[in-house]
Amino acid sequence: MIPRHHDRLKIYTTLHELSIDMFPEDGCLHVYGVGEDGVTAFTEYGIQCLKQIIADEKAARSTALNSG
């Protein structure tokens, strides 16, 4: 599992949870190695997509806080 990065990203979730709906065409890959379970990896485009997902999550949380 990818460790929590909420201090850096200011979002209380894991990168894995953010990338769950991403596909290889979105730049999200699952890399397997010999004797490894595998790890999630991102292309440069995948990182751009993650940044947009994070921005969308922040906006949604801000809207929810302001309307409630």
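These legends go with a set of close-up views of one predicted model.

**View 1. Confidence varies along the chain, from helix α1 to strand β1.**
Across the chain the pLDDT averages 80, and 79% of the residues score at least 70. Among the elements, β1 comes out on top with a mean of 92, while helix α1 (residues 6–9) sits at the bottom with 53. A word of caution for anyone zooming in: where pLDDT is low, the predicted coordinates should not be read in detail.

**View 2. Seven residues make up the largest nonpolar core.**
Here you'll find Leu-15, Leu-18, Met-22, Cys-28, Cys-49, Leu-50 and Ile-54. Two elements, α2 and α3 (44–67), each give two or more residues to this core, and α3 gives the most, with three. Grouping of this kind fits a general habit: in soluble globular proteins, nonpolar side chains tend to be buried together. For a look at one member's surroundings, pick Met-22: beyond its sequence neighbours within four places, Met-22 touches Cys-28, Phe-42, Gly-46, Cys-49, Leu-50 and Ile-53.

**View 3. Helix α3 has the length you'd expect.**
Count 24 residues at 1.5 Å a residue and α3 should span 34 Å; the C-alpha atoms at its ends are 35 Å apart, so the two figures agree. Buried residues in this helix are Gly-46, Cys-49, Leu-50 and Ile-54.

**View 4. Ser-19 is tucked away in helix α2, as a buried residue.**
Helix α2 covers residues 15–19, and Ser-19 belongs to it. With a relative accessibility of 5%, Ser-19 falls under the 20% cut-off and therefore counts as buried. Setting aside neighbours within four places in sequence, Ser-19 is in contact with Cys-28, Thr-40, Phe-42 and Leu-50.

**View 5. Cys-28 and Cys-49 are not in a disulfide.**
Tempted to draw a bond here? The disulfide count is zero. The sulfur of Cys-49 is the nearest cysteine sulfur to that of Cys-28, yet it is 9.5 Å away, and a disulfide needs the pair within 2.5 Å. Cys-28 is buried because its relative accessible area is 11%, under the cut-off of 20%. Cys-49 counts as buried too, at 15% relative accessibility.

**View 6. Asp-37 is exposed in the loop between β1 and β2.**
The loop holding Asp-37 connects β1 (28–31) with β2 (39–42). At 73% relative accessibility, Asp-37 is over the 50% cut-off, so it counts as exposed. Once neighbours within four places in sequence are left out, Asp-37 is in contact with His-30 and Tyr-32.

Key
Residues numbered from 1 in each chain as written. Heavy atoms only, no water. Helix = DSSP H or I, 4+ residues; strand = E, 2+ residues; numbered from the N terminus. Buried < 20%, exposed > 50% of the residue type's maximum accessible area, 1.4 Å probe, protein only. Contact = heavy atoms within 4.5 Å. Core = buried A, V, L, I, M, F, W, Y, C linked by side-chain atoms within 4.5 Å. Expected span 1.5 Å × (residues − 1). pLDDT = per-residue confidence, 0-100.
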